[in-house]
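Me: Here is a structure I would like to go through by question and answer. Please keep each reply short and end on the value or name asked for.

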Amino acid sequence: MQRHFPVSRSDVEDAMWQAGPEVAFAAPVSGWQGFVTRPLPSFAPVIGDFVAALSARLLKEGRENPDLAAFGFWLRPRQIEVQRKRMAGRAPLGMVFHLVPSNVPTVAFYSWIMALLMGNGSVVRLSSRIDPVQEAMLAILNELFSLHEWQEIASRTRFIRYDHDERVTAWLSARCRLRIIWGGDETIGRVRAIALSPRAQEIVFPDRRSMAVFDSQWLASLDAAAWRQVVVALQQDFTRFNQQACASPTTICWLGTPDKALRRRLLEAVFAPFADSPALMMERLINSQQNAAHDGQIQLENFAGVTLLTPAVSLRLTHIGGGTVAEFVADTLDELLLQPWDMQTCVWVGPDKTRLERALLVSPGCRIDRVASPGQALAFEWLWDGIDMLAACSHRLARIE
């Protein structure tokens with residue numbers, strides 16, 4: 001007598017992964033063996049428990065790795081519960097394939113967590129460039145993934161590395177339900193030429209620029225303690241990741257012409273981390289020359305740690321990094337918003353940032369996706385580049401009345 005056992009489509013798909021492409025596995029280090037494509041329910045209890053354990057573990061890393069501590073704080077259970085309620089009625093998509101950049105190494109983990117919270121498994125392709133913060137995070141994940149209680153999460157997660165090989169990217173793209181590409185434009189163009197499954201979706205995060213708006217009158221009114229606080233916060237925004245993060249401001253806009261001494265004092269204080277590096281000084285020189293080649297009327301001014309460019313043609317610098325910054329002056333906020341800005345983040349350095357947020361609602365010629373307070377430009381948010389990441393990693397269940 002023959003006995004037939006039902007085999008689900010998901011079981012067949014999971015078995016196919018056992019002979020997946022040859023890649024280097026960063027976490028877990030077990031290879032494709034045991035990788036599961038079947039999603040969990042969105043915000044399943046095991047997901048919530050795992051994220052809480054990860055958050056607690058990362059918060060312990062505060063002294064050694066502030067970036068990981070910040071990630072742990074962002075994942076605190078109270079915050080996750082708010083998102084769980086907001087995403088009620090949504091279900092997972094399936095396996096998510098993430099292609100992440102090397103310039104901001106923690107993006108890989110934020111992207112993965114968004115997919116995980118909604119119940120999806122993930123394959124995350126990391127850059128081959130080894131970063132100490134990223135390696136510390138992978139070590140923590142491997143520590144957690146080795147524990148029996150987190151096997152449902154470990155079996156649905158693969159952080160991998162491989163050289164630029166379109167065959168591997170195509171293999172993974174054909175099997176995912178969502179592909180997330182974190183810029184730049186060249187990478188997006190190359191990957192988009194690789195076909196997805198007809199049922200798959202795609203999110204892209206192209207090259208973007210960001211800006212900061214300085215209220216000259218407000219800055220002039222600060223006492224010494226408030227001034228120091230603003231400078232420390234702006235150093236975090238401007239000088240982390242050598243301005244390569246899309247949210248790092250590379251354009252400064254003054255509201256009201258600043259006093260010359262105040263302008264110099266502020267800029268040299270903010271860019272002090274760049275001032276003593278010969279390599280960054282050379283980078284600023286090269287960037288300035290390359291930007292000038294694109295805009296023959298550009299004006300240039302050098303301070304310690306920063307080169308200020310006043311473009312005549314474009315509001316967006318082509319070449320950035322090392323303290324290369326475009327500068328713009330407007331008498332009023334209305335005058336500022338007459339310009340066709342296309343910015344990912346705007347750091348508002350003044351009183352009441354809701355003033356700018358309200359003005360943007362009635363300024364259709366400007367695209368500024370988020371307004372941040374000083375020190376918060378690089379803080380990851382649930383809404384990024386105008387995309388609700390949790391919603392993008394899920395679908396809404398139809399309600400039958």
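Reply: A salt bridge here is a side-chain nitrogen of Lys or Arg within 4 Å of a carboxyl oxygen of Asp or Glu. The model is a predicted one. By that rule, the number of salt bridges is 19.

Me: Which residue forms a salt bridge with Glu61, and is Glu61 buried or exposed?
Reply: The closest N and O atoms of the pair are 2.7 Å apart, and the partner of Glu61 is Arg57. Arg57 is partly exposed, at a relative accessible area of 21%. Buried means under 20%, and Glu61 has a relative accessible area of 16%, so Glu61 is buried.

Me: How many residues apart in sequence are the parts tied together by Arg192 and Glu202?
Reply: The side chains of Arg192 and Glu202 meet in a salt bridge with an N to O distance of 3.2 Å. Arg192 belongs to helix H9 (residues 185-192) and Glu202 to strand S7 (residues 201-205), so the pair links parts whose separation in sequence is ten residues.

Me: Are Arg192 and Glu202 buried or partly exposed?
Reply: Arg192 has a relative accessibility of 49% and counts as partly exposed. For Glu202 the relative accessibility is 28%, and Glu202 also counts as partly exposed.

Me: How many residues apart in sequence are the parts that Asp342 and Arg208 tie together?
Reply: Asp342 and Arg208 form a salt bridge through their side chains, at 3.1 Å from N to O. Asp342 is in strand S13 (residues 342-349), while Arg208 is in the loop between S7 and strand S8 (210-215), so the pair ties together parts separated in sequence by 134 residues.

Me: Is Arg208 buried or exposed?
Reply: Its partner Asp342 is partly exposed at 40% relative accessibility. The cut-off for buried is under 20%. Arg208 has a relative accessibility of 8%, so Arg208 counts as buried.

Me: Which residues are linked with Arg208 in a network of salt bridges?
Reply: Asp342, which meets Arg208 in a salt bridge, is one of the members. Linked with Arg208 in the network are Asp342, Arg367, Asp369 and Asp385.

Me: Which helix gives the most to the largest nonpolar core?
Reply: The largest nonpolar core has 60 residues, and those with the most contacts inside it are Phe50, Leu54, Trp112, Ile113 and Phe159. Ten residues of this core come from its main contributor, helix H5 (residues 107-117).

Me: How many residues are in the second, separate core?
Reply: This core includes Phe214, Phe271, Phe274 and Leu280. Its size is 25 residues.

Me: Which residues of H5 does Phe159 touch?
Reply: Residues up to four places away in sequence are not counted. Phe159 touches Ala24, Phe25, Ala26, Ala27, Val124, Leu126, Leu138 and Leu141, among others. H5 spans residues 107-117, and the contacts of Phe159 in that range are Ala108, Phe109 and Trp112.

Me: How many residues of H5 are buried?
Reply: H5 is mostly covered. Among its buried residues are Val107, Tyr110, Ser111, Met114 and Leu117. The count of buried residues in H5 is eleven of eleven.

Me: At what angle do H5 and helix H6 pack?
Reply: On the H5 side the contact is made by Ala108, Phe109 and Trp112, and on the H6 side by Gln134, Met137, Leu138, Leu141 and Phe145. By class, that contact has seven nonpolar, one polar and no charged residues. The axes of H5 and H6 (residues 132-145) are 10 Å apart, and the angle is about 40°.

Me: What phi does Gly119 take?
Reply: Gly119 comes just after H5. Its phi is positive, at about 100°.

Me: What share of residues 93-118 is helix?
Reply: UniProt, in an unreviewed entry, lists residues 93-118 under "transmembrane region". In the model, the end C-alpha atoms of this stretch are 8 Å apart. The stretch is 15% strand, and the helix share is 42%.

Me: How far apart in space are Leu255 and Ser373?
Reply: Leu255 lies in strand S9 (residues 249-255) and is buried, at 9% relative accessibility. Its contacts include Val213, Phe214, Leu333 and Trp348. Leu255 and Ser373 are 118 residues apart in sequence, and their C-alpha to C-alpha distance is 16 Å.

Terms used:
Residues are numbered from 1 along each chain as its sequence is written. This is a predicted model: local features need pLDDT of at least 70, side-chain atom pairs count only at pLDDT 80 or more; totals for chains, interfaces and linings use all residues. Side-chain values use heavy atoms; hydrogens and water are left out. A nonpolar core is a set of buried Ala, Val, Leu, Ile, Met, Phe, Trp, Tyr and Cys residues joined through side-chain atoms within 4.5 Å. Buried means under 20% relative accessible area, exposed over 50%, partly exposed in between (1.4 Å probe, protein chains only). Helices (H or I, at least four residues) and strands (E, at least two) are DSSP runs, numbered from the N terminus. Contact means heavy atoms within 4.5 Å. UniProt positions are given in the numbering used here, feature names are shortened, and annotations may be inferred rather than shown by experiment. Axes are lines fitted to C-alpha atoms, for helices over the stretch in contact, and angles run from 0 to 180 degrees between N-to-C directions. Ala, Val, Leu, Ile, Met, Phe, Trp, Tyr, Cys and Pro count as nonpolar, Asp, Glu, Lys and Arg as charged, and the others, Gly among them, as polar.
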